[in-house]
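This report was prepared for a reader who wishes to relate local features of a protein model to its sequence. Please consult the sequence and the structure shown here while reading.

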Amino acid sequence: MAIGSGLGAQLGIAAETTYGTFVAPTTFPEFTGESLVLKKTTAVSSGIAAGRLMALASRRVVTQREVSGSLNLEVASRGMGLLLQALMGTTVTPVQQGATTAYLQTHTLADTAGKSLSVQVGIPLTTGTVTDKSFLGCKVTSAEFSCEAGGMLTASFEIDGRDCSESQTLAVASYVSSAPFHFGQMGVKAGTYSSETALDGVRKFSLKIERPQATDRFYANQSALKAQPISNDLVKVTGSIEQDYVSTTLDDLHTSDAATSLIWEFIGPNIASTYDETIRFRLPSIKIDDAPPTVNGFDVIRPTYSFTGYFNGTNPMAIEYISADSTL
């Protein structure tokens with residue numbers, strides 16, 4: 001029996017072959033919280049019957065079913081590939097680095113059609129029995145990554161799903177040895193693409209990637225379930241950089257509205273040879289939107305610059321992930 005609290009919970013994910021068709025979990029990320037729920041749209045008959053003062057329970061029907069919520073976790077050195085693929089859209093096969101146990105995943109922006117997940121959550125009763133909720137047809141609609149001084153690199157993935165099943169077999173969770181990325185490993189670079197240099201004074205960085213999709217595709221002949229969401233707007237990339245005012249680099253970019261390439265990376269322990277555990281966000285072109293420095297008292301000047309990411313016409317945005325994972 002499991003512990004009858006959140007200590008006994010588990011989360012498992014798997015890539016689906018067919019949208020909305022359950023696949024047993026293959027990866028079990030350690031997570032800090034989740035809010036996935038089944039949402040029902042119901043209708044109740046308003047027919048008049050002589051003398052009836054309340055609606056009949058038997059005349060309430062479910063007209064639509066869908067899932068929404070988020071997955072929250074610390075970004076770890078292993079097991080992130082499926083979530084990154086569902087966010088970015090590219091079909092990724094890890095590439096072995098040299099003859100070592102290190103593998104590189106390169107996730108570039110692409111349409112997310114066909115990139116859906118089965119997400120199974122094990123939720124313990126106080127008795128220690130773990131109940132199963134399997135969420136099907138889960139599409140990542142946005143993800144936000146953040147790290148501040150003294151903290152972990154965290155991520156929140158917003159999910160839109162097709163349905164929830166409570167009749168699947170709860171998978172036996174298994175965990176690989178991994179470690180979270182953290183502020184002590186963080187680097188930020190800016191400048192000309194492929195020649196970026198370290199940006200000093202950065203205390204906090206956040207990045208949000210939004211994948212707008214038509215999530216309301218409810219049709220006849222679908223048994224109250226939606227068809228797979230379709231991309232229906234441009235990808236939105238935004239973020240913020242909190243920095244002690246050690247230089248005018250970002251302030252000058254705000255004033256001129258010039259573009260710069262930006263790299264946000266975390267370099268962890270060595271895997272083998274010259275290959276280290278790594279997650280790297282490559283933004284080939286960003287522009288600073290607002291929040292130039294202002295003086296507000298005696299303390300160190302500490303502006304927070306918000307930015308928007310753009311396509312530079314040549315190089316796509318990418319997330320690079322080096323780990324010991326030979327498969328997603």
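The sections below treat one helix, one strand residue and two pockets.

**Helix 2**

The model is a predicted one. Helix 2 spans residues 249-256, and within this helix L250, D251 and L253 are buried. These three residues lie on the same side of helix 2, because they cover an arc of only 160° around the axis. As a general point, an α-helix has 3.6 residues a turn, so residues three or four places apart point the same way. The cover over the buried residues of helix 2 includes four strands: strand 16 (236-243), strand 17 (260-272), strand 18 (275-290) and strand 19 (304-310). Just after helix 2 comes D257, which takes a positive phi of about 60°.

**D163 in strand 10**

Strand 10 comprises residues 163-165, and D163 belongs to this strand. Is D163 buried or exposed? The relative accessible area of D163 is 15%, which is under the 20% limit, and D163 is therefore buried. The side chain of D163 is joined to that of R65 by a polar contact of 2.9 Å. With neighbours within four places in sequence left aside, the residues in contact with D163 are L38, R65, V67, S134, F135, L136 and L225. R65 thus appears both in this contact list and as the partner of D163 in the polar contact.

**The two pockets**

The table sets out the pockets by volume, lining and residue class.

| Pocket | Volume | Lining residues | Nearest the centre | Lining by class |
|---|---|---|---|---|
| Largest pocket | about 430 Å³ | 22 residues | F28, P29, R78, G79 and V176 | 10 nonpolar, eight polar and four charged residues |
| Second largest pocket | about 220 Å³ | 14 residues | L109, V237, G309, Y310 and F311 | 11 nonpolar, three polar and no charged residues |

The lining of the largest pocket has four charged residues, whereas that of the second largest pocket has no charged residues. Which elements give two or more residues to the lining of the second largest pocket? They are strand 18 and strand 19. Strand 18 gives the most, with four residues. Strand 18 and strand 19 are also among the elements that cover the buried residues of helix 2.

Technical notes: Residues numbered from 1 in each chain as written. Predicted model: local features only at pLDDT ≥ 70, side-chain atom pairs only at ≥ 80, totals over all residues. Heavy atoms only, no water. Buried < 20%, exposed > 50% of the residue type's maximum accessible area, 1.4 Å probe, protein only. Arc of directions from axis to C-beta. Contact = heavy atoms within 4.5 Å. Polar contact = N/O pair within 3.5 Å; in protein donor to acceptor, adjacent residues only side chain to side chain. 1 Å grid on protein atoms, 1.4 Å probe; cavity = no way out; pocket = protein on both sides within 12 Å on 5 of 7 lines; lining within 4 Å. Points joined across faces, edges and corners; volume = space filled by probe spheres on them. Nonpolar A, V, L, I, M, F, W, Y, C, P; charged D, E, K, R; others polar.
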